[in-house]
Amino acid sequence: MTVTRINVGPVHPSTHGVIRLVVDLEGDTIVNVEPHIGFLHRGVEKLAESRMYMQIPPYMEKLDYVAPMSYNEAYVATVETAMGIQVSERSQYIRVILLELQRIASHLLSLGTLCNDIGQTFTAFMWAFKDRDIVLDLLQEATGSRMFYVNMRLGGLREDLPADFSEHTLNTMDYLEKRIPEYVAYLEKNPIFTERMKGIGVITRDEAKQLGVTGPVLRASGVNYDVRRSNAYYVYSKLHFTPKSLQDGDNFSRYKVRILEIQESVRLVKSALKALPEGNAKGMQVKLRSPNPVNRISVVNRELPKGECMMYMVADPQKPYRLSIRSPSFINLAAINHMAKGERFADLFGILGTLDIIMGCVDR
Amino acid sequence: MNLQNDLANLLNIPYWMSSTNIIHNIVGIIIYIIVISIAFSIFGYMVGWLERKLIARAQYRHGPTYVGMWGLLQNMADLIKLLSKEDVIPENADRMLFAASLPLLLALSIFIVLLLPYSPGLQAANLGFGLLIVFTIISFMPLLLFTAAFSSGNKFADISAQRSVLILLSYELPILLVVVSVAALSGSYNLAGIVASQSSSHYFALLLPIGLVVFFIAMLAEFERPPFDLREADSELIAGWLTDVSAPYYALALFLDYARMFLGSIIISILFFGGWLGPSILPPFAWIIIKALIISVFIIIVRATTFRMRIDRVLRFGWVWLIPLSLLNLIITYIVIIPFVK
């Protein structure tokens, strides 16, 4: 049978940003997928070498524009490690709360776009966006911004939580607790949804380890690895965090793991709010001169909504000598050829949707 | 005079057109064609507005609100915008086929519209085999979608063309099997006769529930409605056979999308819900429109909530469910319903 080569993207309705996939098709079956990346490359790592330490967070936020705070926190934590700065306990709790809210927002967006990718007319997409909007309202209340927050400071945050944030958040979490089972019922009772998701784009446990995928993609393949537990930072161990994993490694497990993670994040936010200690949450003010680093090399890994991010920084006085980022989306995207081979052309987009890549994060 | 009588007998032209003067007849038919075409366009347009509004409500949106009252003129604004754009026909497209497919599709739709009965006597031509002719014309439509896709020379459209042929295998046969059972039940291939026979017994929806379900699903596939919109699967094939269609042709395609849905609803209402029959509070014409609009709302709700099926699953669904069910429906019609119920 002749092989047809099709160019999907960079302008295509469901490529999640500017990615180009060169797809070889034999009939309707995928023979090979070759992702071409770099359309959104901004050279953030190089830019960081010419900026002061606290000038860099705004760049970090633009890496993953769906969950900006997570990247920002990873970077600030790297600088804190380099400078040996301790984070106050209240700040740790607040950071966990905000990061988990950010994770809920990111996973909801992933859920909505996935439904679009497998051929719905924006219905679940708009539902997920509406719920994400409520979570963004909370983040706006806490930080003053809806998209790019830049609220992390060395040793804490820019400002403490507002007075009625706790009450609003608990109300929203109660709403989400009722809302998520509605999504699950709506999606999983639909036979078209389940047959488009189950057994598609399978990564087995061993393959997942070899491919180096992380985050929900890894946990859907039966590897119970989550940085929040294996390298428990902040107060995750105090909040009794348990990672969620499933065995099948197909599209359905990846979607389901994200649903379970939203529920776990809701639980984490609630218990963190209940245990929130008094104290000072404000970090250091951003000044022209920051403290000099005490560690030359610092490595921090964080569980972002998309997967494991690792930041490696070689520190010079006042600015980084080198900042290297292991972006989860980049490594997850590399698995697409393995996952899509032998599947139908229509399922390529379901696979891309469950990988949940963000091109800003892939291209850096 | 003889010729005219023959023609009138052959076509069974309604009384208000069968004047003794042949010129009057021709003028009458032309006026009828124009009036019905305009009415059909208006209802197709309204169904388009209804679809945008209803889907918006399903998605916590308002839909069109600014242009006209309740956004009624939004589709008109879109139409004017599309008509004012440059019409691009791709270089490696087959220009003739590419330009002819969509207008031909419109012509076929209007042809069917003219053959359908809207009330006793309100029909351009009451043909003895009207049912068969309508479904023959309907089965030409996928062919035109195929030529439109194949002639545009786009790879995404090529995939759409392949799907277009494959999907035929799954739903054409069930449609015809259900149509046979309807004809058997009414004892006539005449569309007005089918409606008239429903007035003496029940609506066929009650007698042939399995047939109705199969027919409804197959009509979704026939008229490219989700979950069977594989030909223009927007998340996979960009727009499938419409990928390279631009400006006036795209406006036409958009209109046809709505109009064909309404056409399908009218056909379902004639075959299963007694067409123009209803209490005499409203004129017969209003009943058929109301029934068709309700069926359209169902089709729109299906679009708002479901996901797209994959091509191999559609084939499987067609052969494992639709064809056996339509055969079962046919058997039940002949063994149970015709001898005992009717």
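**Exercise 1.** How are α3(A) and α4(A) oriented to each other in this model?

*Solution.* The model is predicted, and the solution begins with the helix axes. The axes of α3(A), which spans residues 68–83, and α4(A) come within 8 Å and cross at roughly 140°. Angles over 145 degrees would count as roughly antiparallel and those from 65 to 115 as roughly perpendicular, with the rest, apart from angles under 35 degrees, as oblique. The two helices α3(A) and α4(A) are therefore oblique to each other. The next step is to list the residues: α3(A) contributes Met69(A), Ser70(A) and Glu73(A), while α4(A) contributes Arg95(A), Leu98(A), Leu99(A) and Gln102(A). By class, this contact of α3(A) with α4(A) holds three nonpolar, two polar and two charged residues.

**Exercise 2.** Describe the sheet formed by β1, β2 and β3 of chain A, and state which strands stand at its edges.

*Solution.* The three strands form an open sheet in the order β1-β2-β3 (chain A), with antiparallel pairing. β1 and β3 (29–36) of chain A each have a single partner strand and stand at the edges, so one side of each is left without a neighbour in the sheet. From one strand to the next, the twist averages 20°. Strand β2 of chain A, residues 20–26, is joined to β3(A) by seven bridges, and the two run antiparallel; in β3(A), Ile30(A) is the bridge partner of Leu25(A).

**Exercise 3.** Determine whether His240(A) and Asp356(A) are buried or exposed.

*Solution.* His240(A) lies in the loop between α10 (227–230) and α11 (251–274) of chain A, and has a positive phi of about 55° although it is not a glycine. Because only a count of 12 or fewer other C-beta atoms within 10 Å qualifies as exposed, the 10 found for His240(A) make it exposed. Asp356(A), in the loop between α14 (347–355) and α15 (359–363) of chain A, also has a positive phi, near 55°. With 27 other C-beta atoms within 10 Å, Asp356(A) is buried, the cut-off being 20 or more.

**Exercise 4.** Which elements give two or more residues to the side of chain A that touches chain B, and which gives the most?

*Solution.* The contact takes 25 residues from chain A and 25 residues from chain B. On the side of chain A, the elements that give two or more residues are β1 (3–8), α4 (89–117), α5 (123–143) and α7 (191–197). The most comes from α7(A), with four residues. By class, this side of chain A that touches chain B consists of ten nonpolar, nine polar and six charged residues.

Technical notes: Residues are numbered from 1 along each chain as its sequence is written. Chains are lettered from A and ligands numbered from 1 in the order in which they are written. This is a predicted model: local features need pLDDT of at least 70, side-chain atom pairs count only at pLDDT 80 or more; totals for chains, interfaces and linings use all residues. Two residues are in contact if their C-beta atoms, placed from the backbone, lie within 7 Å. Ala, Val, Leu, Ile, Met, Phe, Trp, Tyr, Cys and Pro count as nonpolar, Asp, Glu, Lys and Arg as charged, and the others, Gly among them, as polar. Two strands pair if DSSP finds at least two bridges between them. Axes are lines fitted to C-alpha atoms, for helices over the stretch in contact, and angles run from 0 to 180 degrees between N-to-C directions.
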